[in-house]
Structure formats: structure tokens, C-alpha cells
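Me: I should like to understand how the terms used for a structure follow from its values. Please explain the reasoning step by step.

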There are 2 protein chains.
Amino acid sequence: MTNELVWDRPEPPSRPSPTPLSRALIVRTAIELADAGGLDEVSLRKVAAALNAGPMRLYGYIETKDELLDLMVDEIYGEIRPPDPSADWRTGLRHIAHEIRSAAKRHEWFVDLLGGRPNRGPNSLAYMESTLAVVGFESIDEVMGVVGTVMAYVYGAVRNEITEIRAERSSGLTEEQWQRASGPYIERVLATGRYPTLARFIYDGSHFDPAQVFDRGLDYVLEGIATKHSPGSKPGG
Amino acid sequence: MTNELVWDRPEPPSRPSPTPLSRALIVRTAIELADAGGLDEVSLRKVAAALNAGPMRLYGYIETKDELLDLMVDEIYGEIRPPDPSADWRTGLRHIAHEIRSAAKRHEWFVDLLGGRPNRGPNSLAYMESTLAVVGFESIDEVMGVVGTVMAYVYGAVRNEITEIRAERSSGLTEEQWQRASGPYIERVLATGRYPTLARFIYDGSHFDPAQVFDRGLDYVLEGIATKHSPGSKPGG
DNA sequence: CTGGCAGCGATACAGTGTATTGAACGATAC
DNA sequence: GTATCGTTCAATACACTGTATCGCTGCCAG
């Protein structure tokens, strides 16, 4: 008994010449999806679909989803241009801080993944290398303290900035507008008089360019380091 | 036709006097679960199960899971003791920084939620109020810049510290041990000679008490602020 | 032509947040 | 005392996640 309707099978069962895949291609696709729609758009099914593949196919190139995320982070580290090696520590660190900030603005999801787990990819290591190298004190411990402090500030500041951008986007309002006009809740709370300083800030504070805010904070940090390491107070002392 | 086996229904269909619930109780339970096993243990089903309830019952008290997370964060803010209002700005900010750090060590998940979305709960607002109030410069803009900088540093530093603790716990090794002995990967990479400073740090760096590292960085930041606002350089100028 | 093999798809499973549905209860109206 | 109503909860269902397993398919070695 010959089976009927053999001629309109859903697809010719022969392979439809699957797109060739590679780690790099998968990572690039995932980054594009994340840039467009945030980390929520990076699921193995969605990434695979964007590559005309089934979800399981990715496991031939990637151990686990976390590994994919690590690769994405390392890829972004690769976008960060190292400072001029001849630069002094201050301009070098400032350069790196700005690089991180602008990378995070290009890829907002970057900051969601940054502190999450230690990163040991090649680009990440190169980034750490050039960052440590630009600080020229002799004591390696001091170098680490300085770099760690600047990086902690950069990371926290960028995270705050991105969070604010997202809140504005999702509410369609500027933070300033939001704070002034936001649902009756904040108004009511402030009207209780229990938060006088906060109220003063919200009503009277002028809101600067985020880049300026970032730079001012960075200046505080760098100035503090310079003060503690000024000529005369030898490093290591 | 009488139904057979009516007597051994899975449960007497009358209500087994369900535990009375409340927002506060739900939040407390969720925090306990998170403290014990991280945010992964906070799913609506697990929280509900810990309260002998079905998952959907929580929705009578909570709009969405994100709201639960917000409530958890606000609860932790409530644990932070405000600084002595008579303290000068420097000791006040230092106090708050330490409070945040110790709260994050008690509740490691705290840092995962911190920068995620704006927090407007009552405890969070009270925390912001007392933080802003402790900085006594006259220009509200300057206060904001100072507080924002310190908080960015604190947030980034705490996050790094918690991340390191987690990595150590999951590998069973100290970061130092890990770096020195870790799988051949790091060794091999360092052996390429492309990361001389990094190698020097890993091999020669002495690893301090995390609390000391935190304080040193905090001192950098506070010192920088003090320098820029030293008597003579009037605030607002 | 026949076997193994490698790569890939389909299926399956346990878990998630949440919408919908329906059943049981207490209180209220007659 | 009975009927109805509204509230409160549990059960079910849905779309989605990451991933283990399995079985098919086409290619290459013999």
C-alpha cells in the first residue's frame, strides 16, 4: 500500500543547506539582538531562529547559555581601545573610563552582565592588562587599589546612568519631568515633610548633562588618588 | 449511583484553615529564601510553598514578581541606620558606605537588585534623605554630585566584592589560590607574555583584607571630594 | 553497496511568571 | 431556613525558558 500524498510533505526532507555557523557568528547575532531589545531578546531559541537554525544546534558551538553571555561580554571588551601607553596615569584612566562608558551606551545590556561573574576572556584580559599598565606606581598593590577604585566608580556610575535612561524610556518622560509630575505618589510622600532635603533636590536641583556628571565624579576620584599619591608621599609608604 | 471511595478524597475539601498571609510576611519569607539560596530560590511557587499556599494566592497581596523584588530591596534599605545628623559630611558618608556594605554582606542578593530599577519605597526614600542631608554644602547640585559619586563607588566596590565571594564559594578556592593554581588556562595565557602587568599582579600582589581595600578606595573618593571642596574653594564656584 | 559517524532536528522535561476558571466559603436577603 | 452574592483561594492552562535525549539524515571509509 503506497502512502498517499507523499508529494506534499511539509518540506523536502533533504537538508535545506543549513547556514554555516560559528562561535563568532552566534555571538554577533546575540549581540545584535541584545542591542535591539535588551537581554530578554537573547534566548537560545531566538538567537537560533535569527540564524535559521533550531535551538539545539547552538550547543554544537557553545557549552551553555552562560558561556554565550561571557563571550558577548568579552566581545564588548574588545571594542575598548587601550590608552596611549605613553600617557600619564590620570589621562590614561580617564580615557579608559570614557571608553567603558561609551561602550555601555552602545550596548546597554553590557552593564547588566559586567559585575555578574569574573571575566577571563582574551579581550577582557587585554583590557585589564592595559588598564593596570597605564598606572605607573612601583607597588603593584597600590596599582591594584587605584585601578579597583576607579573601576568601581565607573561601574557604579554607568550602571546608574543606564538605569535612569531605561526608566525614562519606559515612562516616556525625563527623570526631571518624572520627578516633578510623577504619579501622585511621590508628591504625596514629599508633602509629608519627612524628606525635606530630598524634596529640595527634586524641586530645586538643576539636572546636568549626564556626561558632565560622570566627569565630575571621575574628577573627584582621580583627584583623591592624586592627592594621596602626590610627589612627596612616595608610593608604598 | 453513589460514588465510591468518597471517604478518601485527597484532602477534606473543606479549607485546611489557610495560613493568614500579608505583604510583610510574604516579603520576609522571600528574603529568608534569598538569604539562604540566592535569588534563584525566590520564585512565586517556592515562596508560596514556604507559606503553605498555592502560587496564585500571592497575587492577592502582590501585583507582580517585580513588585515583590522591590519590596525586598526596600526592606533591606530599612536595615540601614542613618548617620548621626550632627556628624560632618565625611564621617557621615563613611558611615553610610559601611552600612550599605554590611547590608550587602548579610544579603548577598541585595547587590543584584540594587541598580536594577529605581527604588521609591519609603525606606529607600528615607535612606536617600538622610544621605543627602548629611552633606552640608549649600548648593543642592553639589550635594547631589558628591553623594552620587560616593554611591557609585560604594555600589561598584560592593558588587565586585560580592562577585568575588561567590566565585570563591563556587570554586571552593580563594581568589588567590584560584589565580595561582587555576586550571591551566590562565597559566597558559599568562605564559604568552602578552600580559606582563597582569601576571605581575597575580604572582606578586599581596591580597589584603577586603574591608581594608574597600576603605582605601573610599578614602580616595572622600579625599578627592574634600580637596575640591576645601575651605577657600567655596561650594558653587 | 554497506557501516559507522557526525551533525542536526524534533521531542521532552522541569521550571518560570501569570491569566483564567471554577469551586467553596461566609455573609446577607428574604 | 434557604437562596444568592461576593470574596478567596486552588487548579488548570499558556507561553516561555535552558537543556538532555533520541533518532534521523547525508556523507565518507571500506
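**Reasoning from values to terms**

Reply: Let us begin with the two chains of this predicted model. A turn of 180° and a shift of 0.0 Å along the axis lay chain B on chain A with an RMSD of 0.0 Å. The two copies are thus related as by a two-fold rotation axis.

Me: Which residue of chain B comes closest to the rotation axis?

Reply: That residue is G224(B), whose C-alpha is 1.7 Å from the axis. The same surface serves both copies, as 98% of the contact residues of chain B recur in chain A.

Me: How many residues does the contact take from each chain, and which helix of chain B gives the most?

Reply: Chain B contributes 47 residues and chain A contributes 46 residues, where a contact requires C-beta atoms within 7 Å. On the side of chain B that touches chain A, at least two residues each come from α6 (122–134), α7, α9 (184–191), α10 (196–204) and α11. The most come from α7(B), with 16 residues. By class, this side of chain B holds 23 nonpolar, 14 polar and 10 charged residues.

Me: Why are α1(A) and α3(A) called roughly perpendicular?

Reply: Two packed helices are described by the angle between their axes and the distance between the axes. Here, the axes of helix α1 (residues 23–37) and helix α3 (residues 65–77) of chain A come within 9 Å and cross at roughly 80°. Angles of 65 to 115 degrees count as roughly perpendicular, and α1(A) and α3(A) are therefore given that name.

Me: Which residues meet where α1(A) and α3(A) touch?

Reply: From α1(A), the residues are R23(A), I26(A), V27(A), A30(A), I31(A) and A34(A); they meet L68(A), L71(A), M72(A) and E75(A) of α3(A). This contact has 8 nonpolar, no polar and 2 charged residues.

Me: What makes α1(B) and α3(B) roughly perpendicular?

Reply: The axes of α1 and α3 of chain B come within 9 Å and cross at roughly 80°. That value falls in the range of 65 to 115 degrees, so α1(B) is roughly perpendicular to α3(B). The contact of α1(B) with α3(B) divides into 8 nonpolar, no polar and 2 charged residues.

Me: How do you know that the span of α11(A) is close to the expected one?

Reply: Helix α11 (residues 210–228) of chain A has 19 residues, and 27 Å is expected at 1.5 Å a residue. From its first C-alpha to its last, α11(A) reaches 28 Å, which is close to that expectation.

Me: Which residues of α11(A) are buried, and what do they pack against?

Reply: The term buried requires 20 or more other C-beta atoms within 10 Å. In α11(A), it applies to V213(A), F214(A), G217(A), L218(A), Y220(A), V221(A), L222(A), G224(A) and I225(A). The buried residues of α11(A) pack against α4 (89–106) and α7 (140–171) of chain A, and also against α7 (140–171) and α11 (210–228) of chain B.

Me: Why does N52(A) count as exposed or buried, and what is its phi?

Reply: N52(A) has 11 C-beta neighbours inside 10 Å; the limit for exposed is 12 or fewer, so N52(A) counts as exposed. N52(A) lies in the loop between α2 (44–50) and α3 of chain A. Its phi is positive, about 55°, although N52(A) is not a glycine.

Me: What holds for N52(B)?

Reply: N52(B) is exposed, with 11 other C-beta atoms within 10 Å. Its place is the loop between α2 (44–50) and α3 of chain B. Phi of N52(B) is near 55°, a positive value in a residue other than glycine.

How values were computed: Residues are numbered from 1 along each chain as its sequence is written. Chains are lettered from A and ligands numbered from 1 in the order in which they are written. This is a predicted model: local features need pLDDT of at least 70, side-chain atom pairs count only at pLDDT 80 or more; totals for chains, interfaces and linings use all residues. Copies are superposed by least squares on the C-alpha atoms of residues with pLDDT of at least 70 in both. Two residues are in contact if their C-beta atoms, placed from the backbone, lie within 7 Å. Axes are lines fitted to C-alpha atoms, for helices over the stretch in contact, and angles run from 0 to 180 degrees between N-to-C directions. Helices (H or I, at least four residues) and strands (E, at least two) are DSSP runs, numbered from the N terminus. Angles under 35 degrees count as roughly parallel, over 145 as roughly antiparallel, 65 to 115 as roughly perpendicular and the rest as oblique. Ala, Val, Leu, Ile, Met, Phe, Trp, Tyr, Cys and Pro count as nonpolar, Asp, Glu, Lys and Arg as charged, and the others, Gly among them, as polar. The expected span of a helix is 1.5 Å times one less than its number of residues.
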